[in-house]
Amino acid sequence: MSIPDYQSLMIPLLKLARDEKEHFLRDAIERLADEFNLTEDDRKELLPSGQQAVFTNRVAWARTYLKQAGLLQSTRRGYFQITKRGKETLAEQPTRIDVKYLEKFPEFQDFRARKKDKNETSTEESLSTETPEESLETAYQKVRQELAQELLRQIKQCSPLFFEKLVIDLLVKMGYGGTRRDAGKAIGKSGDGGIDGIIKEDRLGLDIIYIQAKRWEGNVSRPEVQKFAGALQGQRAKKGIFITTSSFTQEAWDYVSRIDSKIVLIDGDLLTQFMMDHSVGVSTTASYEIKKVDSDYFSED
């Protein structure tokens, strides 16, 4: 089954604690994963940031909301226990516990008031299946996707000479080519059988990478990639990068996966991702830090 949202985890988490024992959050996460028959892939699925597992994040937020409503309490770092109110709530046998249900508790109302301005409606959050981190990352990915589309439009409008410069800047930022001056001399100087440039793999030049960089509109098919592979063989080379502003056909991807030479295909989507990751052609307008309570700081042991 798919990974349950954090509100759907509230009742199972509360029931898990109904024995009144102290529970370790990590153990609770594993027990709930078993209860929901999650696969290994489900358990390992990460948030877009790659910093935390989706299921772990959702269980943690279910616990946070139950704590804020007074149904669970923290006993020590990483541990929780059901409260008297939590037991009473389970005795009522609610069919669902979610944000809307928790709003009947004054402590949770105060928590919500601290989280957002009282003039804002709480309907959107009550209906949302995303945790705060997921909502933030969803918004971040949307901004990133729109930026990638704008980048690709700009790249397709630039001149071949500027595209050559862009490729140089990106590869140097990614750690290839030695110095930018060395890379600039190499790119665009070969023109030998489908090879547009040659660049050092590292500053010492221990290996050479051959490059094909083209602004295409249609899909790049296998024959074009095969021509590049043949050019590599003619140079007795083993490594190549084929960069395009469009995309590659499935036959092209299948072809590079079967040949001896290592050819990396970078399509328009991946090109813009690398540009954003390495700050090429983009600038930072705002930066946000996500912080959490440092439990060690508050330890008096």
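**Briefing: strands, helices and salt bridges of a predicted model**

Helix α4 lies across strands β2 and β3, and its axis runs at about 105 degrees to β2. The model is predicted. Its protein chain comes to 14 helices and eight strands. Of the 301 residues in the protein chain, 39% count as buried. Among contacts between residues at least 6 apart in sequence, 62% join residues at least 24 apart.

**The three-stranded sheet**

- An open sheet is formed by three strands in the order β1-β3-β2, with antiparallel pairing. The edges are taken by β1 and β2 (72-76), each of which has a single partner strand, so one side of each lacks a neighbour in the sheet.
- Between β2 and β3 the antiparallel pairing extends over four bridges.
- Within this pairing, glutamine 73 has glutamine 81 of β3 opposite.
- Strands of a sheet pair through backbone hydrogen bonds, in either a parallel or an antiparallel sense.

**Helix α2 and its surroundings**

- Leu25, Ala28, Ile29, Leu32 and Ala33 are the buried residues of α2. They lie on the same side of α2, because the arc they cover around the axis is only 135 degrees.
- The cover over these buried residues of α2 includes the helices α1 (10-16), α3 and α4 (54-68). The strands β1 (23-24) and β3 (79-82) are also among the elements that cover them.
- Asparagine 37, just after α2, takes a positive phi of about 55 degrees.

**Salt bridges**

- The structure holds 13 salt bridges. Side chains of opposite charge can pair when their charged atoms come close.
- One of the salt bridges joins the side chains of arginine 43 and glutamate 30, at 3.5 Å from N to O. This pair links distant parts of the chain: arginine 43 belongs to helix α3 (residues 40-44) and glutamate 30 to helix α2 (residues 25-35), with their positions 13 residues apart in the numbering.
- Arginine 43 also forms a salt bridge with aspartate 34, where the closest N and O atoms are 2.7 Å apart.
- A network of salt bridges links Arg26, Glu30, Asp34 and Arg43.
- Three members of this network are partly exposed: arginine 43 has a relative accessibility of 22%, glutamate 30 has 35%, and aspartate 34 has 46%. Arginine 43 is not counted as buried because that class requires a relative accessible area under 20%.
- Elsewhere, the side chains of glutamate 150 and arginine 153 meet in a salt bridge of 2.6 Å, N to O. These two residues are three apart in helix α9 (residues 132-157), so about one helical turn separates them.
- Glutamate 150, at 33% relative accessibility, is partly exposed, and so is arginine 153, at 45%.

**Strands β6 and β7 with helix α12**

- Strand β6 (residues 208-214) is largely enclosed by the rest of the structure, because five of its seven residues are buried.
- The pairing of β6 with strand β7 (residues 239-244) is parallel and runs over five bridges.
- Alanine 213 stands opposite isoleucine 243 of β7.
- Together with helix α12 (residues 222-234), β6 and β7 make a β-α-β unit, and this unit is right-handed.

**The loop after β7**

- Threonine 249 sits in the loop that joins β7 to α13 (250-258).
- Its relative accessible area is 16%, so threonine 249 counts as buried.
- Leaving aside residues up to four places away in sequence, threonine 249 touches Asn219, Val220, Ser221 and Arg222.

How values were computed: Residues numbered from 1 in each chain as written. Predicted model: local features only at pLDDT ≥ 70, side-chain atom pairs only at ≥ 80, totals over all residues. Heavy atoms only, no water. Buried < 20%, exposed > 50% of the residue type's maximum accessible area, 1.4 Å probe, protein only. Pairing = 2+ DSSP bridges. Right-handed = clockwise from strand over helix to strand, strands pointing away. Salt bridge = Lys/Arg side-chain N within 4 Å of Asp/Glu carboxyl O. Arc of directions from axis to C-beta. Contact = heavy atoms within 4.5 Å. Axes fitted to C-alpha atoms, helices over the stretch in contact; angles between N-to-C directions.
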